[in-house]
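Q: Please take a close look at a single part of this model, the loop that carries an unusual backbone angle. Please then follow the chain out from that part on both sides and describe the surroundings.

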Amino acid sequence: ILHLTGQIDLGWDPALTAILDAVTSAGGTIERRTNARLREAFPELDSGAGDGLFHHDAGTVLADAGLRALQRGAVAAGVRLLAPERVTGIETEGHVIVTAGDHKLEAGAVLIAAGPWSGELLDMAGLRLPLAPALAQVTFLDAPSMVSRPGIAEWPEPGEAGVYGHPVPGVGYKIAFDAGSEGWSPDVEEWHADPAEDRRILSWLARRAPDVPRRVAYSQRHPWTMTPDSDWVIDRRGPVVLACGCSGHAFKFGPALGPLVADVVEGARPHPLFALDRDGLHATASAGDPIAR
């Protein structure tokens, strides 16, 4: 489930300082390194990439294996999985009644955690959120020699798009801009990759890590959902619990988000950072906005 090779962070110094402080306060192992010392872990990194951070204990979550393990754990805990079934109705008067396929399910609460498809379900429940579904693209490099390299992130100044990458066992390396674009549709199941975005990300790679093989194995476009402030929504209104607005970075936090969401289901107050009444949620989200943390 975890492929642990470390993590290199480059770019805007205030972001690096915040990462360093957060990881240190949580008891993690992270250090500032000169460019020369970063290249000890990532020899392909360019000398002009600057100094940065190295986080020893970071790595890649293998998504397919992780999801299968989570599903097995859920079933073992008594969860009944009905997916894939389309929800066609949510009634919230008294007990919640959810209509999905040939099933009618009654419960004390309903949790909406449907990614970019959340808007339609929220409408059924009489709720509106400033969510902006968008498309993002990732480029997978045919670079088996990179599987043992650390992940990498270049943190941008506010308003600009960052870049992230990490090793992918069996393929090589994955690289992408940390930003979405317009074009998402709820009825489309597969999107064609944009060759122009491949060229842009390979141009970045040529500057930052020129010795990384730049052979594209394949590229994928996929949906995500932005909130105005790039933070999730984990809150409750009546019997409806919300876990929305992944902003491109929710999956990796799944084991931490689960208890946060479960606490709200069981009546706890939401964390202020993720609450519906926070100031940062009042603006209008833009699908193409880069993530700024």
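**A loop and its two sheets**

A: Ser-230 is found in the loop between strand 14 and strand 15. Helices (H or I, at least four residues) and strands (E, at least two) are DSSP runs, numbered from the N terminus. The model is predicted, and local features need pLDDT of at least 70, side-chain atom pairs count only at pLDDT 80 or more, while totals for chains, interfaces and linings use all residues. Residues are numbered from 1 along each chain as its sequence is written, and side-chain values use heavy atoms, with hydrogens and water left out.

Ser-230 has a positive phi of about 70 degrees, although this residue is not a glycine. The strands on either side of the loop belong to two sheets: strand 14 takes part in an open sheet of eight strands, and strand 15 in an open sheet of three.

The eight-stranded sheet has the order 3-4-2-11-12-13-10-14 and mixed pairing; two strands pair if DSSP finds at least two bridges between them. Strand 14 (216–226) stands at one edge and strand 3 (30–33) at the other, each with a single partner strand, so one side of each has no neighbour in the sheet. From one strand to the next the twist averages 20 degrees. Axes are lines fitted to C-alpha atoms, for helices over the stretch in contact, and angles run from 0 to 180 degrees between N-to-C directions. Strand 14 is joined to strand 10 (residues 132–142) by 10 bridges, and the two run antiparallel. Within this pair, Thr-139 has Ser-219 in strand 14 as its bridge partner.

Two helices pack on this sheet, where contact means heavy atoms within 4.5 Å. Helix 1 (residues 13–25) touches strand 2 (7–11), strand 3, strand 4 (52–55) and strand 11 (151–155), and its direction makes about 150 degrees with that of strand 3. Helix 5 touches strand 10, strand 11, strand 12 (163–168), strand 13 and strand 14, and its direction makes about 110 degrees with that of strand 13.

Helix 5 also contributes to an enclosed space. A search of the whole structure finds one cavity of 30 Å³ or more. On a 1 Å grid over the protein atoms alone, a cavity is a set of points where a 1.4 Å probe fits but cannot get out, and a pocket is an open set with protein on both sides within 12 Å along at least five of seven lines; lining residues have an atom within 4 Å of a point. Grid points are joined across faces, edges and corners, and a volume is the space filled by probe spheres set on the points. The largest cavity holds about 30 Å³, and its lining consists of Phe-42, Ile-152, Tyr-173, Ile-175, Trp-204, Leu-205 and Ala-209. Strand 13 (172–177) and helix 5 (195–208) are the elements that give two or more residues to this lining. By class, the lining has seven nonpolar, no polar and no charged residues (Ala, Val, Leu, Ile, Met, Phe, Trp, Tyr, Cys and Pro count as nonpolar, Asp, Glu, Lys and Arg as charged, and the others, Gly among them, as polar).

On the other side of the loop, strand 15 belongs to the three-stranded sheet, which has the order 9-16-15 and mixed pairing. Strand 15 (233–237) and strand 9 (110–112) are its edge strands, each pairing on one side only. Direction ignored, neighbouring strands of this sheet are turned by 15 degrees against each other on average. Strand 9 and strand 16 (residues 240–244) run parallel and are joined by three bridges, with Val-110 opposite Val-240 in strand 16. Helix 6 (residues 254–265) packs on this sheet and touches strand 9, strand 15 and strand 16; its direction makes about 10 degrees with that of strand 15.

Positive phi values also occur in two hairpins. Strand 7 and strand 8 form a hairpin with two residues between them, and Gly-101 in the turn has a positive phi of about 60 degrees. In the hairpin of strand 6 and strand 7, with four residues between the strands, Gly-94 takes a positive phi near 70 degrees.

Strand 14 (216–226) also spans the position of Pro-223, one of the residues lining the second largest pocket. This pocket has a volume of about 270 Å³, and its lining divides into eight nonpolar, no polar and three charged residues.
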